[in-house]
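Me: I've got a model open and want to talk it through with someone. Can I fire some questions at you?

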Amino acid sequence: MAEVIFRGGTILTIDPDAHVLDGDVACRDGAIVHVGGAYTPAGRDYEIVDCDGCVVMPGLVQAHVHTCQTLARGRADDLELLDWLRTIVWPYEASLDAPATAAAARLACAELLLGGTTAVLDMGTVHHTDELFAAAEASGLRATIGKAMMDHGDPAIPPGLRETTAASLAESERLIARWHGAAEDRLRYAYAPRFALSCTDELMREVGTRARKANLRVHTHSSENQAEIAAVEQRFGKPNVLYLHDAGLTGDHVTLAHCVHLRADERECLAHTGTHVAHCPSSNLKLASGIAPIPELIEQGISVALGADGAPCNNNLDGFLEMRLAAILHKHRHGPRTLPAPEVVKLATLGGATAVGLADRVGSLEVGKRADVIAVDISGPHVAPTSSPWSAIAYAVRATDVRHVAVDGALVVRDRKLLTLDVAKVVNEAQAAARRLFR
Ligand SMILES: [Zn+2]
């Protein structure tokens with residue numbers, strides 16, 4: 001199909017002036033060629049997607065997810081971070097074989113695309129990262145993925161996840177050669193040292209050097225929980241963000257998940273280095289980690305994006321739920337005007353694209369950008385009547401209201417049906433794999 005035309009919706013372009021337009025969004029050969037007003041197809045080869053009663057907007061970009069973890073949904077409830085990792089999540093990840101990793105990733109991709117998330121930054125696990133890339137490739141999701149790096153001898157890390165520094169780097173290089181830029185640049189690689197406590201200082205510094213040299217992104221966790229922060233401080237003699245900075249792991253190419261507890265000098269460091277923060281409000285609340293100081297970070301000029309984190313700490317990957325929570329969570333401290341609807345919708349789209357290094361390609365509906373477009377039904381009884389599309393998207397809609405999704409101009413969801421994977425089969429395989437792993 002040469003052209004796909006999203007016809008007749010209310011368009012949120014997410015351009016600097018926050019335009020709201022009526023009419024069509026047209027895509028040709030993967031790129032956006034028209035935004036707003038009526039579009040006449042260029043030739044005979046086109047498909048019209050009815051968007052009556054919908055908001056048409058850029059796909060959501062989640063800057064922190066773990067697609068490998070979806071089989072542990074509902075298996076790790078009501079724990080704090082380090083217990084959650086040591087008693088459930090690390091043993092789970094250690095037991096993942098290739099078929100189970102693939103089943104987890106396909107389930108995540110199906111949930112993400114059906115829910116209007118078109119791009120993610122994914123922290124994989126130590127092994128079987130090829131399966132995560134393969135699932136993203138097959139499903140049509142835009143994904144920047146890295147294998148989790150875990151070369152530190154913490155006795156709590158199960159043997160199945162422990163690796164040598166050399167093996168961790170070698171596997172990363174193999175994956176970069178195979179996947180970075182694949183599927184016409186829809187798939188990219190990001191180095192993913194899991195967090196300071198799972199890595200040797202040698203590995204962290206080497207990743208810092210290699211990422212800059214190869215112009216690759218770095219994705220890690222930082223400053224999520226007080227016990228983690230105390231352990232980092234004890235091991236390295238400085239707070240987490242300042243340690244990462246010292247190891248060469250800050251900058252415009254770096255995305256840190258969480259940043260719930262930061263000192264003033266750490267915030268300064270994030271601001272002056274241009275390091276991105278992925279805010280994961282559901283995960284932070286469920287693991288009782290705390291509430292990240294997002295309005296303060298934004299006020300300081302720090303780039304903020306949103307992420308659902310993983311199924312075992314959320315328990316779903318619904319980008320609209322994270323948007324609503326981010327919009328309402330900070331109002332009690334900063335007042336009701338904090339993070340108004342247009343601002344939080346921007347965080348979930350262009351903010352995500354910026355944090356993943358894709359702002360030149362996706363995150364807004366502008367002619368010339370790649371066509372990652374979603375149509376969200378705002379006519380449901382839980383959304384109507386609608387006076388503002390911003391309000392509907394930020395506060396009222398759910399992932400299940402997403403009607404159509406295109407990534408790179410290809411329709412992957414049409415009338416709420418995933419076109420790229422058999423969802424019933426994906427769910428059955430995930431259930432069978434989860435039963436096998438947790439037996
Ligand atoms: Zn995470």
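Me: Let's start with Ser198: is this residue buried or exposed?

Reply: Keep in mind that this is a predicted model. Ser198 sits in the loop between E10 and H6, and among the residues it touches beyond its sequence neighbours are Met149, Asp151 and His152. Buried means under 20% relative accessible area. Ser198 has a relative accessible area of 0%, so the residue is buried.

Me: Which residues hold the zinc ion, and through which atoms?

Reply: In sequence the donor residues are spaced H-x1-H-x154-H-x87-D. The coordination distances run from 2.0 to 2.3 Å. The ligands are His64 (NE2), His66 (NE2), His221 (NE2) and Asp309 (OD).

Me: Is the arrangement of those four donor atoms tetrahedral or irregular?

Reply: Four donors count as tetrahedral if all angles lie between 85 and 135 degrees. Here the angles range from 87 to 174°, which makes the arrangement irregular.

Me: How many residues apart in sequence are the parts that His221 and Asp309 tie together?

Reply: His221 and Asp309 are both buried. His221 belongs to strand E11 (residues 217-222), while Asp309 is in the loop between strand E14 (304-306) and helix H12 (319-329). So the pair ties together parts whose separation in sequence is 88 residues.

Me: What about the largest nonpolar core: which helix gives the most to it?

Reply: That core has 116 residues, and Met57, Leu71, Phe320, Met323 and Ile393 have the most contacts inside it. The helix that gives the most covers residues 98-114 and supplies 10 residues. That's H2.

Me: And how many residues are in the second, separate core?

Reply: This one includes Phe6, Cys27, Cys54 and Leu411. Its count is 16 residues.

Me: How far apart in space are Val345 and Leu12, C-alpha to C-alpha?

Reply: Val345 is in helix H14 (residues 341-355) and counts as buried because its relative accessibility is 0%. Met57 touches both Leu12 and Val345. Along the sequence, Val345 and Leu12 are 333 residues apart. In space, C-alpha to C-alpha, the distance is 9.5 Å.

Me: On to the aromatics: is the pair of Phe133 and Tyr189 stacked or edge-to-face?

Reply: A search of the whole structure turns up six aromatic pairs. In this one the ring centres are 6.2 Å apart and the planes are at 20°. Planes under 30 degrees apart count as stacked. So Phe133 and Tyr189 are stacked.

Me: Which parts of the chain does that pair link?

Reply: Both Phe133 and Tyr189 are buried, and they are 56 residues apart. Phe133 comes from residues 129-139 and Tyr189 from residues 187-193. The linked parts are helix H3 and strand E10.

Me: Is the Tyr189 and Tyr191 pair stacked or edge-to-face?

Reply: Both of these tyrosines are buried, and ring pairs link them with Phe133 and Trp179 into a cluster. The centres of Tyr189 and Tyr191 are 6.1 Å apart and the planes are at 90°. Planes over 60 degrees apart count as edge-to-face. So the Tyr189 and Tyr191 pair is edge-to-face.

Me: Last one: what arc do the buried residues of H7 cover around the axis?

Reply: The buried residues of H7 (residues 226-236) are Glu228, Ile229, Val232 and Phe236. Their cover includes helix H1 (81-95), helix H6 (201-214), E11 and helix H8 (240-246). The buried residues are on the same side of H7, because they cover an arc of only 100°.

Definitions and conventions:
Residues numbered from 1 in each chain as written. Predicted model: local features only at pLDDT ≥ 70, side-chain atom pairs only at ≥ 80, totals over all residues. Heavy atoms only, no water. Core = buried A, V, L, I, M, F, W, Y, C linked by side-chain atoms within 4.5 Å. Buried < 20%, exposed > 50% of the residue type's maximum accessible area, 1.4 Å probe, protein only. Helix = DSSP H or I, 4+ residues; strand = E, 2+ residues; numbered from the N terminus. Contact = heavy atoms within 4.5 Å. Donors = N, O, S within 2.8 Å, 3.2 Å for Na, K, Ca; no water. Tetrahedral: all angles 85-135°; square planar, octahedral: opposite > 155°, others 65-115°. Phe/Tyr/Trp six-rings, centres within 6.5 Å; stacked < 30°, edge-to-face > 60°. Arc of directions from axis to C-beta. Lists of a residue's contacts leave out its neighbours within four places in sequence.
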